[in-house]
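The report below follows a handful of residues and then turns to the ligand and its surroundings. Please keep the sequence and the model in view while reading.

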Amino acid sequence: MVGPKAIIHIDRLLSNFDLLKTHLGQKRLMAVVKADAYGHGSVECARALEDHGCDSFAVFSFLEALELRDNGIKSDILIFSKTHQHYLEPAFKNNLTLNVSSLDDIDIFESHKLSNEKIPNFHLKFDTGMTRLGINISDASNVFERVKRNLGTECKGIYSHYATADEGDLSFANHQFSLFNDVIETAIEKEIKFETIHFSNSGASINLDQSKFDQVRVGMLLYGAYPSSEVPKDLPVEPVMEFCAPLVEVRKVKKNTPVSYGGVYKTPDDCTIGVVQCGFADGIPREWYKEGFVSMNGTYFKIAGRICMDQFMVNFEKFTPSIGEEILIFGKNKANQILMENISETIKSTPYVVATGIKGRTQKEYKF
Ligand SMILES: Cc1ncc(COP(=O)(O)O)c(C=O)c1O
């Protein structure tokens, strides 16, 4: 091992998928593999999930969707990003599902339909409180009429997105649910039918009633982390990513030796300081150093001093570890477990930021 490594446990991804499927009953699971599957590798994760029976995926960008198609993914792929006129033709050609999230998007689809017989499939997205992409609910009636009149059967789905579904207080999420419900009622009145209705993300899929919807869009839980500390932790999902790095140097130092930039950490006793080859440029959050720890062969050791760009130091106390030892930064292996959620909570971040922060020289290795 020459540098940081993200070992992706595909077996855990698949068992998390199975756990979620059991939890969700008959509902279809749309695996959210945007942002390189939250840093886990979108092609490899989608391929494994598809072979395992997952038939629906979501990405953010058009290029992410094309990458999946180019790598042989055959299932439905929904693109979350804002739609552009020049997406329509390649989306149709590649059987990709576009997001229609504004009146402008309806205009684009209508004018495309006038000059091309074929338009790609799309899902209508309504804004119920995220205030990001989404048609205003006050436009629902008008939109349904236009869709029915001008765009026909290519409108496959309708959805919205929760802003607070992973919080202990679900009052705003319930408010969003009720607004979305009104939108669905309007669609029923206008006699417009959808093959799929989806609203829930990881938080909602464990926190909120699913009875109205036939599909859920799940990312974080699939990768084995809870979206926040406020959701019930009843599903025994396992961390898919094991982030580790090699020990490249050890030295004995005296009590009160300053370690790393600023000398803000001083050794509390005579001890062994080890240098681990992984820095914030590779994705270990710099803020973690204050309370942070790593694990080696089942024992936890404190990070000593500020994390540098390429390396960080660890206080191994009285141990004398061998150069080349694999140091677990987060995730789970046979002897150790450090949850990404613990790190993100300590540094007042989220597991989404920690997972997608893996970068730099980190090499991915897939375990099946
Ligand atoms: C529109 C949309 N749906 C679903 C998800 C999946 O969320 P989670 O990873 O919490 O399951 C995301 C992720 O941010 C999203 O943007």
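I106 is found in helix α6, which spans residues 103–115, and in this predicted model its relative accessible area is 0%. Because that value is under the 20% limit for a buried residue, I106 counts as buried. Its C-alpha atom lies 15 Å from that of D127, and the two residues are 21 positions apart in sequence.

Helix α5, residues 88–93, contains E89, and P90 is found in helix α5 as well. E89 is exposed, with a relative accessible area of 54%, whereas P90 is partly exposed at 26%. The label for P90 follows from the cut-offs, because partly exposed covers the range between under 20% for buried and over 50% for exposed.

G157 belongs to strand β8, which runs over residues 155–159, and this glycine is buried with a relative accessible area of 0%. The table sets out C-alpha separations for residues introduced so far, each with the partner residue and the distance along the chain.

| Pair | Separation in sequence | C-alpha distance |
|---|---|---|
| I106 and D127 | 21 residues | 15 Å |
| P90 and F62 | 28 residues | 9.5 Å |
| G157 and S322 | 165 residues | 56 Å |
| E89 and K266 | 177 residues | 61 Å |

These distances can be read against the overall extent of the model: the C-alpha atoms of the protein fill a box of roughly 80 × 40 × 40 Å, taken along the principal axes. The protein contains 11 helices and 20 strands, and buried residues make up 55% of its 368 residues.

One of the loops deserves a separate remark. S228 lies in the loop between β10 and β11, the latter strand covering residues 241–253, and the side chain of S228 reaches the backbone nitrogen of E230 at 3.0 Å. Is S228 buried or exposed? With a relative accessible area of 18%, S228 is buried, although a value of 20% or above would have placed a residue outside that class, because buried requires a figure under 20%.

The backbone also calls for attention at two positions. Most residues other than glycine have a negative phi. Against that background, Y38 has a positive phi of about 50 degrees although it is not a glycine, and E191, likewise not a glycine, has a positive phi of about 55 degrees. The settings of these two residues can be described in turn: Y38 is found in helix α2, while E191 is found in the loop between α8, residues 171–189, and β9, residues 196–198. Y38 is buried, with a relative accessible area of 8%, whereas E191 is exposed, with a relative accessible area of 60%.

Y38 leads directly to the ligand. Which residues come nearest to the ligand among the 13 around it? They are K34, Y38, S202, G219 and Y352. Two secondary-structure elements, α2 (34–39) and β10 (215–218), each supply at least two residues of the shell around the ligand. By residue class, this shell divides into 6 nonpolar, 4 polar and 3 charged residues.

The polar contacts with the ligand involve side-chain as well as backbone atoms. A polar side-chain atom of Y38 lies 2.6 Å from an oxygen atom of the ligand, and a polar side-chain atom of R217 lies 2.8 Å from a ligand nitrogen atom. For G219 the contact is made through the backbone, with an N or O atom 2.8 Å from an oxygen atom of the ligand. The protein covers 93% of the 390 Å² of accessible area that the ligand has on its own. The space taken by the ligand is the largest pocket.

Taken together, Y38 links the two themes of this report: this residue of helix α2 combines a positive phi with a polar side-chain atom 2.6 Å from a ligand oxygen atom.

Methods. Residues are numbered from 1 along each chain as its sequence is written. This is a predicted model: local features need pLDDT of at least 70, side-chain atom pairs count only at pLDDT 80 or more; totals for chains, interfaces and linings use all residues. Side-chain values use heavy atoms; hydrogens and water are left out. A residue is near a molecule or strand if one of its heavy atoms lies within 4 Å of it. A polar contact is a pair of N or O atoms within 3.5 Å; within protein, one must be able to donate a hydrogen and the other to accept it, and residues adjacent in sequence count only if both atoms are side-chain atoms. Accessible areas come from the Shrake-Rupley method with a 1.4 Å probe; for residues, only the protein chains shown count as cover. On a 1 Å grid over the protein atoms alone, a cavity is a set of points where a 1.4 Å probe fits but cannot get out, and a pocket is an open set with protein on both sides within 12 Å along at least five of seven lines; lining residues have an atom within 4 Å of a point. A molecule sits in a cavity or pocket if more than half of its atoms lie within 2 Å of its grid points. Helices (H or I, at least four residues) and strands (E, at least two) are DSSP runs, numbered from the N terminus. Ala, Val, Leu, Ile, Met, Phe, Trp, Tyr, Cys and Pro count as nonpolar, Asp, Glu, Lys and Arg as charged, and the others, Gly among them, as polar. Buried means under 20% relative accessible area, exposed over 50%, partly exposed in between (1.4 Å probe, protein chains only).
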